[in-house]
Amino acid sequence: MNQQRIWSTSETLSRDEYHAIQLKRLKDTVDRVCRDVPYYSEMIKNAGMQPGDIKDLDDLSAIPFTVKEDFRVNYPFGLFAVPKQQIVRFHASSGTTGKPTVVGYTKNDMATWTELIARLVTMAGVTDEDVAQIAFGYGLFTGAFGLHQGLEHVGASVIPMSSGNTQKQIMIMQDFGTTALISTPSYALHMAEVAMEMGVDPANDLNLKWGLFGGEGSTEAMRQEINRVWGLFATENYGMSELMGPGVSGECQALKGMHISEDHFIPEIIDPATGQVLNEGEVGELVITTITKEALPILRYRTKDITSLHYETCDCGRTTVRMAKIQGRSDDMLILGGVNVFPSQIEEVLVSSDGIGPHYQIKVFKQGYLDRIEVDVELVDAEVLDSFQLLDSLTQSIRNRLRAVLGIDAKVTLVEPRSLARFEGKAKRVIDMREEK
Amino acid sequence: MLIKQISIFLPNQKGHLARVTGALLKNKIDIRAMVAFDTADFGILRAIVTEPDRALEVLKNDGFVAKISKVVVVEPEDRTGSLHEIFALLAEKGMNIDYTYSFVMRKGEMPYFVLKVDELEQALEALTQNGIKVINKNEINE
């Protein structure tokens, strides 16, 4: 691999330098929210603390968590630390139930966001020579506009396609010579299928070099599949609107986890059950504090994403902490007959099985007192139609692997290709039909 | 002569058989023989059709998982023991019949029998040598 480009010198500071920057910015942030956000000043007071109590980074753990519900309670602007007049951009997350989560940005926030995306896309391989097609939906969702600004900032030629209209996406890729694709990983797989139907082989007939994927989790096996069908180099990036949008972290080409810009965020890992802070390398829920945001500073936000943090210097030369691939959501975790399983683990097994496609649907229900799990997968390999034994042994082998890897017994059902739901945004692949706990 | 048979993945869904026959009908492909057994969640539909290659194309375009494989088709004589002679002959030669099914009964004539054997060419030879009528492609489309 060529010498990797690093966008900013702030990505290669020493641990001591990060520590000093974080402490100063954390103190400023806590002072500011106690002054300008009544909800936070109340929260800090109720915790028996004062703004001046932050003397070291370890003191952060005494501050209570912020959760998604806090955004709902303060809808729309209750958590904002600046008057609305200073806001230059609003975004909002898709509220599945009730009101969406509203976020806002000042001019300086927009500059920070743009800078962080520039770091991220540079890590992924994009330069000013690339043509970047954004297939995230433009609108209140942060994904499209976030990537858009940063890609323009590094000088890439941006095509603001938005999501959907897949045949046109493929046509534009051919006609504009797209070299970088920005989308969700499942939409990338869907687009490849559509391209094939159109008689376009994405790996050979198109010029894609880089794939920047986010907006939902994916597995290593899915990445391999995307690399193969598109003939590109896929990286994953991470973010959420509550914290800023995309740009919180992203993978470099060493693929050793996603680099968090520590001069803007302080990450922690906690035990999701107890809230205790865990050590480096331990797996738990990611908690993030923003330390430079003006409009919407957030203290100790519980992301619900399960990961771990790693502080050694990366092969790419960056010294920023890396978070491992998201293993699941703390609230997506399925408890099946006493075994903890993340849908992503099931996906990992399925995607690496021969003869079936990458799409799947998981159904969980009660049979008597027992949890039953059913997995529908799409048959793609016609060779197994030679005999029923071959067909049957394909499902048996998947079932056996699920049992061996995850310790769960799932009924595997083969369905026809393209019969399972495709998702252009976040995939919803688990249907839990058990009673509400 | 070996005959092309088409195998189609059959999920256990209402109306699936009709989707298959509908796709063939739309393309004016005639079904000469067809079999599917009761299986729990999914099975394999096997059929002998006119224009099997085009049938495969049509079915794949409609989203079915399908494949062509070869089989032997024979016409037993209309008397007791004629089927036994065929099966006994193949058994004697050490050949295993994976599955068999018959054509739709024709007016006053014996139905053809489809035989899926691992050793297709040898089966063909053994059957012909022993005076059993093996059916060729043109006869199927009659």
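Contact here means heavy atoms within 4.5 Å. By this criterion, in the predicted model, A:D386 touches four named partners on chain B: B:R46, B:K67, B:S69 and B:Y99. Residues up to four places away in sequence are not counted. A:D386 sits in the loop between β19 (370–379) and α11 (388–406) of chain A. Its relative accessible area is 26%, so A:D386 is partly exposed.

One of these partners, B:Y99, also belongs to an aromatic pair, treated below with the other rings. The whole structure holds 12 aromatic pairs over all chains. In one of them, the ring centres of A:W210 and A:F233 lie 6.4 Å apart. Their planes meet at 80 degrees; the cut-off for edge-to-face is over 60, so the pair is edge-to-face. The pair links distant parts of the chain. A:W210 lies in strand β6 (residues 210–213) and A:F233 in strand β7 (residues 233–240), with the two positions 23 residues apart in sequence numbering. A:W210 is buried, at a relative accessible area of 14%. A:F233 is partly exposed, at 23%. On chain B, B:Y99 and B:Y101 form a stacked pair. Here the centre-to-centre distance is 6.5 Å and the angle between the planes is 20 degrees. Both rings belong to buried residues: B:Y99 has a relative accessible area of 15%, and B:Y101 has one of 5%. A:F77, A:F80 and A:F90 form one aromatic cluster.

The second largest pocket encloses about 860 Å³ of space. Its lining comprises 26 residues. Nearest the centre lie A:E193, A:G357, A:P358, A:V380 and A:P417. Elements of both chains give two or more residues to this lining. From chain A these are α7 (185–197), α9 (220–230), α10 (343–351) and β18 (356–367); from chain B, α2 (52–61). The most comes from α7(A), which gives 5 residues. By class, the lining has 14 nonpolar, 5 polar and 7 charged residues.

Chain A as a whole contains 11 helices and 21 strands. Of its 437 residues, 55% are buried. Contacts were also sorted by sequence separation. Among those in chain A between residues at least 6 apart, 65% join residues at least 24 apart. The exposed area of chain A is about 18600 Å², and carbon and sulfur atoms supply 49% of this area.

Note on methods: Residues are numbered from 1 along each chain as its sequence is written. Chains are lettered from A and ligands numbered from 1 in the order in which they are written. This is a predicted model: local features need pLDDT of at least 70, side-chain atom pairs count only at pLDDT 80 or more; totals for chains, interfaces and linings use all residues. Side-chain values use heavy atoms; hydrogens and water are left out. On a 1 Å grid over the protein atoms alone, a cavity is a set of points where a 1.4 Å probe fits but cannot get out, and a pocket is an open set with protein on both sides within 12 Å along at least five of seven lines; lining residues have an atom within 4 Å of a point. Grid points are joined across faces, edges and corners, and a volume is the space filled by probe spheres set on the points. Helices (H or I, at least four residues) and strands (E, at least two) are DSSP runs, numbered from the N terminus. Ala, Val, Leu, Ile, Met, Phe, Trp, Tyr, Cys and Pro count as nonpolar, Asp, Glu, Lys and Arg as charged, and the others, Gly among them, as polar. Buried means under 20% relative accessible area, exposed over 50%, partly exposed in between (1.4 Å probe, protein chains only). Accessible areas come from the Shrake-Rupley method with a 1.4 Å probe; for residues, only the protein chains shown count as cover. Rings of Phe, Tyr and Trp (its six-membered ring) pair if their centres lie within 6.5 Å; planes under 30 degrees apart count as stacked, over 60 as edge-to-face and the rest as tilted.
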